[in-house]
Amino acid sequence: VMEKNDTEISTGIPKGQRWAISAPSTNLSGNWIIVVSDNFMIEYDQYLNDLGTNSLVRKVASSVVGFTREEIIQEEDGRRVTIKGKNPRGVWERSLVASGSDLENDGVFKSLSLPSVTADSEPVKADAWWENDGKIHVSWMRGGTKYGGGDFLSKRYLENETGVQDSEIYV
């Protein structure tokens, strides 16, 4: 007979595809910058065009997008991810609280949709969770009305120790 040691680290994994915690090996904390490639600029201009942004505003936005910086702070086993952003237009901060399966709830959880703000300080609702066995942080900002409105889905993850963010807009 073995007794459980209360200081023992759990090696279990949450059930399901949506986790409230990150994998123990995943830490997105750090300072992130946008890598502005030619392909990025083509996609960014198309994105702004799809939002109905005129060519002058697109040109200005394209000239400053490369100055965007984000500090990411991952805490509480990944349950909370705080993003502090800065670019020539201003500064913003948002904390995203993940909901999903963890080591205690046996896969039964209630999705959290909490108040947050966009980089333009627009109030939205935000859901967050971890996918791919806790390696990809997903945030879904819903209810935006600026620039044609829409919902923003972002996925942040590490690829060869480099931070990657993929974002999509749904109008």
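## A first walk through the chain

From the N terminus on, the elements run β-α-α-β-β-β-β-β-β-β-β. That gives two helices and nine strands in the chain; helices (H or I, at least four residues) and strands (E, at least two) are DSSP runs, numbered from the N terminus. The model is a predicted one, in which local features need pLDDT of at least 70 and side-chain atom pairs count only at pLDDT 80 or more, while totals for chains, interfaces and linings use all residues. Residues are numbered from 1 along each chain as its sequence is written, and side-chain values use heavy atoms, with hydrogens and water left out.

To get a feel for the overall dimensions, picture a box of roughly 75 × 30 × 25 Å, taken along the principal axes, which the C-alpha atoms of the chain fill. Of the 171 residues in the chain, 35% are buried. Here buried means under 20% relative accessible area, exposed means over 50%, and partly exposed lies in between (1.4 Å probe, protein chains only).

### The sheet

Let us turn to the strands. Five of them form an open sheet in the order β5-β6-β7-β8-β9, with antiparallel pairing. Two strands pair if DSSP finds at least two bridges between them. At the edges are β5 (114-117) and β9 (162-170), each of which pairs on one side only. Neighbouring strands of this sheet are turned by 30° against each other on average, direction ignored; for such angles, axes are lines fitted to C-alpha atoms, for helices over the stretch in contact, and angles run from 0 to 180 degrees between N-to-C directions.

The table follows three of the antiparallel pairs, with residues that stand opposite each other.

| Strand pair | Bridges | Opposite residues |
|---|---|---|
| β5 and β6 (residues 123-131) | four | V117 and P123 |
| β6 and β7 (residues 136-144) | seven | E131 and I136 |
| β7 and β8 (residues 150-159) | six | V138 and K155 |

Two hairpins are worth a look as you trace these strands. The hairpin of β5 and β6 has five residues between the strands, and S121 takes a positive phi near 65° there. In the hairpin of β6 and β7, four residues lie between the strands, and N132 has a positive phi near 55°.

### The core

Strand β6 also appears in the largest nonpolar core, to which it gives the most, with four residues. A nonpolar core is a set of buried Ala, Val, Leu, Ile, Met, Phe, Trp, Tyr and Cys residues joined through side-chain atoms within 4.5 Å. This one has 13 residues, and those with the most contacts inside it are L28, I72, V81, I83, L96, W130 and M141. The elements that give two or more residues to this core are β3 (80-87) and β6.

### Helix α1 and its rings

Helix α1 has 13 residues and reaches 18 Å from its first C-alpha to its last, close to the 18 Å expected at 1.5 Å a residue. The expected span is 1.5 Å times one less than the number of residues. After α1 comes G52, whose phi is positive, near 90°.

What do the aromatic rings do here? A search of the whole structure finds two aromatic pairs. The rings of F40 and Y44 have their centres 5.6 Å apart and their planes at 10°, so this pair is stacked. Rings of Phe, Tyr and Trp (its six-membered ring) pair if their centres lie within 6.5 Å; planes under 30 degrees apart count as stacked, over 60 as edge-to-face and the rest as tilted. F40 and Y44 are four residues apart in helix α1 (residues 38-50), so about one helical turn separates them. F40 counts as partly exposed because its relative accessibility is 23%, whereas Y44, at 18%, is buried. Ring pairs link F40, Y44 and Y47 into a cluster.

### Two more places to visit

Another ring has a charged neighbour: the charged end of R142 sits over the ring of W140, 4.8 Å from its centre. A charge sits over a ring if NZ of Lys or CZ of Arg is within 6 Å of the ring centre and within 35 degrees of the ring normal.

Finally, look for D106 in the loop between β4 (90-97) and β5. D106 is exposed, with a relative accessible area of 52%. Although D106 and G16 are 90 residues apart in sequence, their C-alpha atoms are 9.1 Å apart in space.
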